[in-house]
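Q: Please take a close look at the salt bridges of this structure. Which residues are linked in a network, and where do they lie?

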Amino acid sequence: MQKRVKPIKLITILIILSYSNLLAKEKNIKTIELIDIAGKQRMLSQRIAKDYLYIHKQIAVNKTEKELKISLDIFFKAQKTLIYSIEDEEIKNLLDFVEISSDELNKTIHKPFSIENAQLILDLTESILEGSQYIVDSLKNSIKKEESRIIEISGKQRMLSQRIAKYYIAYQSGIKDKNTLRSMKKTLNEFDKNLNRLLLNKSNTPLIKDKVDNINRLWKIVHRFYNNIEKGGLPLIVFNTTDKITKKMNEITELYIKNNNKS
C-alpha cells in the first residue's frame with residue numbers, strides 16, 4: 001500500500017508547488033501593475049500643476065484645459081484603485097494622506113489664479129509626488145524583483161518630463177526663486193541620468209531600443225530649451241515636447257511591463 005500512496009503524494013506536492021509558484025507570479029504581476037499606477041500618479045501631480053499655470057498664462061488654453069480635466073479624472077480614479085488594492089497598513093496610511101492633499105489640490109485648482117494659490121498648488125503637488133514615490137518604493141521592495149527597477153526608472157521619466165514643464169512655466173508665472181531654478185536643474189540631471197540607464201539596459205527589445213533612441217535624439221535638442229528657464233520665451237515648445245516625451249515614455253513603460261509579465 002505504501003508504494004501506491006507515495007506517487008500520489010508526490011503528484012499532490014508537485015501540484016501544490018506549481019499552484020504556489022503561479023500565485024507568486026500573479027502577485028508579482030499585480031504588484032508591478034500597482035507600481036505603474038502609483039508611478040502615473042507622480043506624473044499626474046506634476047501635469048496638474050503645470051496645466052494650472054499654463055492656463056493662467058493663456059498658452060494653448062483649449063488643449064490645456066482639456067488635459068487638466070482628464071488628468072484630474074484619471075488621478076482620482078487611480079487613487080481609488082490603489083486604496084482598494086493595497087492591503088499594507090503603512091502604505092494605506094500614506095494613501096490617506098495623499099487623498100487629503102489631493103482633495104485640497106482639487107479645491108485650489110478651481111480658484112482664480114494668484115501667486116499664493118500657485119505656490120500652494122506647487123507645495124501640494126510636491127507632497128503628493130513624495131507620497132506617490134514612497135508607495136512606488138514600498139511596492140517595489142515588496143517583490144524585490146530586478147525587472148521592477150527598470151519599470152520604475154522608465155515610469156519616472158514620465159513624471160520628470162512633466163516636472164520640467166511645471167518649473168519652466170512656474171518661473172515664467174512669477175515664481176522666480178532659487179528653489180525653482182534648483183529644482184529645474186535637478187530634474188534635468190535626473191532625467192538625463194535615467195535616460196542613459198535606459199539606453200544601456202541589456203534587456204531592451206529591438207522595439208524598446210528604437211523608442212528609447214528616438215527620445216534620446218529629441219532630448220539632445222530640447223534639453224537646451226529647458227535649461228534656458230531664466231530666458232524663457234518658448235513655453236509652447238516646452239509644453240508640446242514634454243508632453244511628447246511623457247507619451248513616448250508611457251509607451252516604453254508599458255512595453256517593459258508586458259515583457260516582464262511574459263517572463
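The answer below turns to the salt bridges and their surroundings.

A: This is a predicted model, in which local features need pLDDT of at least 70 and side-chain atom pairs count only at pLDDT 80 or more, while totals for chains, interfaces and linings use all residues. Residues are numbered from 1 along each chain as its sequence is written, and side-chain values use heavy atoms, with hydrogens and water left out.

A search of the whole structure finds 15 salt bridges (a side-chain nitrogen of Lys or Arg within 4 Å of a carboxyl oxygen of Asp or Glu). A network of such bridges links Arg47, Lys50, Asp51, Glu67 and Asp243.

Within this network, Arg47 pairs with Asp243, their closest N and O atoms lying 3.5 Å apart. Because Arg47 belongs to helix H1 (residues 2–56) and Asp243 to helix H8 (residues 235–262), this bridge ties together parts 196 residues apart in sequence; helices here are DSSP runs (H or I, at least four residues), numbered from the N terminus.

Asp243 also meets Lys50 in a salt bridge, at 3.0 Å from N to O. Lys50 lies in helix H1 and Asp243 in helix H8, so this contact joins parts 193 residues apart.

As for accessibility, Arg47 is buried at 15% relative accessible area (buried means under 20%, exposed over 50%, partly exposed in between, with a 1.4 Å probe and protein chains only). Asp243, at 10%, is buried, and Lys50 is buried at 0%.

Another salt bridge joins Lys211 and Glu251, with the closest N and O atoms 3.1 Å apart. Lys211 is in helix H7 (residues 206–227) and Glu251 in helix H8, 40 residues apart. Lys211 is partly exposed at 23%, and Glu251 is partly exposed at 28%.

Note on methods: Helix = DSSP H or I, 4+ residues; strand = E, 2+ residues; numbered from the N terminus.
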